[in-house]
There are 2 protein chains.
Amino acid sequence: MGLVLGIDPGSLITGYGIVDERDGDLHAVIFGVLEAGSRETLARRLLTIGQGLNALFDKYKPASVALEKTFYAKNVDSVTKLGQARGVCLYEAARAQVPVFEYAPTEIKSSLAGSGRASKDQVQFLVRTLLKLPAMEKFDMSDALALAIHHSRISTTKNKIREMELNP
Amino acid sequence: MGLVLGIDPGSLITGYGIVDERDGDLHAVIFGVLEAGSRETLARRLLTIGQGLNALFDKYKPASVALEKTFYAKNVDSVTKLGQARGVCLYEAARAQVPVFEYAPTEIKSSLAGSGRASKDQVQFLVRTLLKLPAMEKFDMSDALALAIHHSRISTTKNKIREMELNP
């Protein structure tokens, strides 16, 4: 099914994580954050996100992108800022011709932790356990990996169901 | 002072207009809309905006971009969609290394029509008169040209003040 790139977009920090599924096991290929620093201009911050993702698409050629869906926010300004960062993520995925699948945070938490109200700490602990990873600096990284894990699992299940249908 | 590219971003239709100032007179170089159709995917719509602007930056090499500032909205969903379109505009400007200047709609209306509450019809009429243009299909075009006109005027005034300071 190919590599899955999870992206947790943010106007200051965008988390990313690439997950690979081999023989039913999930592995982290790479993860990190794209961060330009809060003192940088908006243009420079969006460039950091877009050019960073562009390099990831080029190098790892992920088969799909799992992106965090947004539906709540503090105010118009923060929604606009987040929307701008998401726009750059969606645009770079489209330029790389990679399909994007969007998942709500509650769906990810339910899938990984069994509860839509799981804390970021719990999600990070489960991501680290599942991918056998050491401590992780930022929640943006574990949130991005959680998106990739969730999409990988869903796609694998769908493929299995398809196989069963083909070979009953 | 070079060409000014005005952009009125939208998730379905993005208006653009390039204005040139020669001997104190403003001229429209090109104007139009980037529109992918409401049935297209979000990815395809953002590609239309980004690749369209990229072509404009390449061909006309504008010295600056005048972008509509947003601060109100119906709901989170529409703010996110508009934010995504703005993100692509800002990103392409940053990739082309062209500085972006943001103006609120009320500022543009005050500057052109003398009132922050002028209608889109009035703005379009004034843009057409000022640039000696025939009828215009869409308000997105006249709004984009209005942004470019406003920025050109402001920059020209600033340059004149600077000249006066240098040669008192």
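1. This note concerns a predicted model. A convenient place to begin is Lys120(B), which is partly exposed, with a relative accessible area of 40%. Lys120(B) forms a salt bridge with Asp143(B), and the closest N and O atoms of the two are 2.4 Å apart. Since Asp143(B) belongs to helix α5 of chain B and Lys120(B) to helix α4 of chain B, the pair ties together parts that are 23 residues apart in sequence. Asp143(B), for its part, is buried, at a relative accessible area of 8%.

2. Over all chains, the count of salt bridges comes to 10. One of particular interest to the reader joins Glu102(A) and Arg86(A), with 2.4 Å between the closest N and O atoms. Glu102(A) is in strand β5 of chain A and Arg86(A) is in helix α2 of chain A, so this pair links parts that are 16 residues apart in sequence. Arg86(A) is buried, with a relative accessible area of 2%, whereas Glu102(A) is partly exposed at 30% relative accessibility.

3. A further salt bridge brings together the side chains of Arg22(B) and Asp20(B), at 2.9 Å from N to O. Here Asp20(B) is the buried partner, with a relative accessible area of 15%, and Arg22(B) is partly exposed, with a relative accessible area of 45%. As a general matter, side chains of opposite charge can pair when their charged atoms come close.

4. The interface of the two chains may be considered next. In chain B, 22 residues are in contact with 22 residues of chain A. The size of an interface is often given as the accessible area lost when the parts come together. For chain B and chain A, the area buried between them is about 1,900 Å², and 72% of it is on carbon and sulfur atoms. The rule finds zero salt bridges across this interface, but it does find eight residue pairs in polar contact, with both residues at pLDDT 80 or more. On the side of chain B that touches chain A, the elements giving two or more residues are α1 (42–60) and α2 (76–95) of chain B. Of these, α2(B) gives the most, with 13 residues. Sorted by class, that side of chain B has 12 nonpolar, seven polar and three charged residues.

5. What does Thr80(B) contact, leaving aside its neighbours within four places in sequence? The partners are Thr70(A), Val79(A), Gly83(A) and Arg86(A). Thr80(B) is found in helix α2 of chain B and counts as buried, at 8% relative accessibility.

6. Helix α3 deserves a comment in each chain. In α3 of chain B (residues 105–113), Pro105(B), Ile108(B) and Leu112(B) are buried. These residues cover an arc of only 65 degrees around the axis, which places them on the same side of α3(B). In α3 of chain A (residues 105–113), the buried residues include Pro105(A), Ile108(A) and Leu112(A). Viewed down the axis of α3(A), its buried residues fall within an arc of 65 degrees, so they line one face of the helix. An α-helix has 3.6 residues a turn, so residues three or four places apart point the same way. Just after α3(B), Gly114(B) has a positive phi of about 80 degrees; just after α3(A), Gly114(A) also takes a positive phi of about 80 degrees.

7. Most residues other than glycine have a negative phi. Which way does the phi of Gln97(A) go, positive or negative? Phi of Gln97(A) is positive, near 60 degrees. Gln97(A) sits in the loop between α2 (76–95) and β5 (100–103) of chain A and is exposed, with a relative accessible area of 74%. Lys132(B), which is not a glycine, has a positive phi of about 55 degrees. Lys132(B) is placed in the loop between α4 (120–131) and α5 (139–166) of chain B, and it is exposed, with a relative accessible area of 65%.

8. Phe101(B) lies in strand β5 (residues 100–103) of chain B and is partly exposed, at 33% relative accessibility. Its C-alpha is 6.1 Å from that of Val65(B), although the two are 36 residues apart in sequence. Not counting residues up to four places away in sequence, Phe101(B) touches Ser64(B), Val65(B), Ala66(B), Leu67(B) and His151(B).

9. Finally, Ser155(A) is in helix α5 (residues 139–166) of chain A and is buried, with a relative accessible area of 13%. A polar atom of the Ser155(A) side chain lies 2.6 Å from the backbone oxygen of His151(A).

Conventions. Residues numbered from 1 in each chain as written. Chains lettered and ligands numbered in written order. Predicted model: local features only at pLDDT ≥ 70, side-chain atom pairs only at ≥ 80, totals over all residues. Heavy atoms only, no water. Contact = heavy atoms within 4.5 Å. Buried area = accessible area lost by both parts, 1.4 Å probe. Salt bridge = Lys/Arg side-chain N within 4 Å of Asp/Glu carboxyl O. Polar contact = N/O pair within 3.5 Å; in protein donor to acceptor, adjacent residues only side chain to side chain. Helix = DSSP H or I, 4+ residues; strand = E, 2+ residues; numbered from the N terminus. Nonpolar A, V, L, I, M, F, W, Y, C, P; charged D, E, K, R; others polar. Buried < 20%, exposed > 50% of the residue type's maximum accessible area, 1.4 Å probe, protein only. Arc of directions from axis to C-beta.
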